[in-house]
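Student: I'd like to know what stands behind each term we use for this model. Let's take the terms one by one.

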Amino acid sequence: MTRDFSQRMSRRAQEIQPSGIRKFFDLLGEMKDVVSLTVGQPDFVTPWHIRAAAIESLEAGKTYYTSNAGLPRLREEISRYLDRRFGLRYDPVTELLVTVGGSEAIDLAVRGVVDPGDEVIIPTPSFVCYAPLVTLAGGIPVEVATREADGFKLTPEALRRALTPKTKLVILPFPNNPTGAILTREDLEGLAAVLRETDALILSDEIYAELTYGTRHVSIASLPDMRERTLLVSGFSKAYAMTGWRLGYLAAPGAMIHEIFKIHQYGIMCAPTTAQFGAIEAMQNGDGDVEEMVAEYDRRRKYLVHKLRDLGLPCFEPKGAFYVFPNISGFGMTSEQFCEKLLYDYGVAIVPGTAFGACGEGFARVSYAYSVRHLDRALERIAKMIDDCRGH
C-alpha cells in the first residue's frame with residue numbers, strides 16, 4: 001500500500017496559498033486565443049548593450065562564483081546609482097548585497113528581521129509574496145487596507161492604529177503593485193513621524209522606483225532618522241527589462257547586512273555571474289534606456305486609463321509601476337467571478353483584486369506592460385463583455 005507522506009510537510013508551508021496571479025496566468029496554457037494582461041513583465045527586450053556585456057563575459061570565460069555579496073564592481077555601480085538617482089549613499093563593501101532577484105532580497109530581509117510571534121504590517125492591496133514570507137518566518141502578517149479614496153496610500157492614521165508592541169517590521173511597497181499608487185515626500189514624512197515613536201524597522205520595496213510619472217520617486221531612507229531602520233529592496237527586472245536575469249539587491253546599514261549576509265551565504269551562495277556583468281553595464285550606461293521605456297509606459301498608462309473610463313469603469317489614475325486597478329464592483333460579481341467570466345467567455349485574462357489582499361475585492365489588476373496594439377485587442381473584448389452585462 002502506497003503511504004501518503006504529504007502531511008509530514010511543514011505546517012507553515014501547508015498554510016500558505018499559491019499565488020493568485022499565477023493561478024490565472026497558468027490557465028492561459030490550456031486556452032486558445034486569449035489576450036493576457038496578467039503579468040508584470042516588460043514587453044521590451046533587455047537593451048542590446050546589456051546583453052552584449054553579458055555575452056562578452058561568457059566568451060571571456062567568466063563563469064565562476066562571485067563573492068557571496070556580489071561582484072565588487074557591481075556593488076560600486078549600485079552605490080553610485082542610488083546616490084545619483086535618489087540621493088542615497090550606501091557603502092558598497094558593507095551595506096550592499098546582490099541577490100537573486102528582488103524576491104530573494106525581500107525574503108532575506110523578512111527572515112533576517114522576523115522572529116516567531118513578531119508582527120509585520122503590510123499595506124494592501126500589495127504584491128502577493130509579503131504575507132506568505134512573513135508566515136514562513138514564523139511572524140504574524142498584519143494587513144492594513146488602503147482605500148481608493150486615499151489614493152491607495154498608507155496613511156499615518158492607519159499606520160498608527162496598526163502598530164502594537166509586537167510590531168517588528170513595516171513593509172512599504174511603493175510604487176505599488178497592483179494599484180500604481182506612490183508615496184510623495186510629504187506622505188513619507190507623515191509616516192516617518194509615526195515610526196520615530198517606535199522601534200519598528202522598515203522594508204521599503206522600491207523595485208518600481210524608476211517607473212513613476214510626473215514626479216520623482218523618494219525613498220523613505222532619505223528622510224531624517226529613517227536610513228538607520230530601513231532595509232531597501234530593488235533590482236533590475238522592471239526598469240531595465242531584465243526579469244529573466246534574476247538579479248536584485250538589498251541596501252541597509254552594515255550591521256543589518258552582516259546578519260542577512262549569513263542567510264544568503266548558506267542558502268544561495270551568490271547571484272548568477274553572467275547577470276551581474278550585464279547589470280554593471282546597465283548601471284553604467286542604461287539611464288537612457290530607462291527614460292525611453294518610462295516614456296512609453298506613460299503613454300500606455302494615459303491611454304488605458306482613458307479607455308477604461310470611457311467604457312464606464314471607474315479607474316484610479318496610477319502614478320507608478322505599470323498597472324491599472326479599475327473598480328469593477330458595479331457588475332454584481334465578485335472580482336474572481338468578473339475575471340473568470342472575462343477569461344472564459346471573452347478571452348481576456350486579468351487578475352482579480354483579491355489576489356492582492358481581501359480589500360482588493362471589487363477591483364481587478366490590468367497590466368500595461370504590453371503594446372498599445374495588444375491593449376486594443378483586449379479593450380475590444382472588455383467592451384463587448386460590458387455591453388453584454390448591461391444589456392446593450
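Tutor: Gladly! A cavity is a set of points, on a 1 Å grid over the protein atoms alone, where a 1.4 Å probe fits but cannot get out; lining residues have an atom within 4 Å of a point. Grid points are joined across faces, edges and corners, and a volume is the space filled by probe spheres set on the points. The model is predicted, with local features needing pLDDT of at least 70 and side-chain atom pairs pLDDT 80 or more, while totals for chains, interfaces and linings use all residues. Residues are numbered from 1 along each chain as its sequence is written, and side-chain values use heavy atoms, without hydrogens and water.

Student: How many cavities of 30 Å³ or more does the search find?

Tutor: Two, in a search of the whole structure. The largest cavity has a volume of about 50 Å³, and the second largest about 30 Å³.

Student: What makes up the lining of the second largest cavity, by class?

Tutor: Eight nonpolar residues, with no polar and no charged ones. The lining residues are L308, L313, P326, F338, L342, I350, V366 and I382. Nonpolar covers Ala, Val, Leu, Ile, Met, Phe, Trp, Tyr, Cys and Pro; Asp, Glu, Lys and Arg are charged, and the others, Gly among them, are polar.

Student: And how does the lining of the largest cavity divide by class?

Tutor: Into six nonpolar, two polar and two charged residues. Among the lining residues are E206 and E210, and Glu is in the charged class. S234, G235 and Y249 also line this cavity.

Student: Where does S234 stand relative to β8?

Tutor: Opposite Y249. Strand β7 (residues 230-235) pairs with β8 in the antiparallel sense over four bridges. Strands (E, at least two residues) and helices (H or I, at least four) are DSSP runs numbered from the N terminus.

Student: What makes β2 a partner of β8, and is the sense parallel or antiparallel?

Tutor: Two strands pair if DSSP finds at least two bridges between them. Strand β2 (residues 96-99) and β8 have four, in the antiparallel sense, so the definition is met. One bridge links L97 with L250 in β8.

Student: Why are both faces of β8 (residues 248-251) called covered?

Tutor: G248 and L250 on one side and Y249 and A251 on the other are all buried, which means under 20% relative accessible area (1.4 Å probe, protein chains only).

Student: Why is R11 called exposed?

Tutor: R11 has 55% relative accessibility; exposed means over 50%, with partly exposed between that and buried, so R11 qualifies. R11 is in helix α1 (residues 11-15).

Student: What makes β9 (323-324) an edge strand?

Tutor: β9 belongs to an open antiparallel sheet in the order β9-β12-β11. β9 pairs on one side only, as does β11 (351-352). Two bridges join β9 to β12 (residues 364-367), one of them between Y323 and S367.

Student: What makes a pocket unlike a cavity by definition?

Tutor: A pocket is an open set with protein on both sides within 12 Å along at least five of seven lines. The second largest pocket holds about 390 Å³ and has 22 lining residues, of which Q17, V128, C129, P132 and A355 lie nearest its centre. Helix α6 gives the largest share of that lining, five residues. By class, the lining has 14 nonpolar, seven polar and one charged residues.
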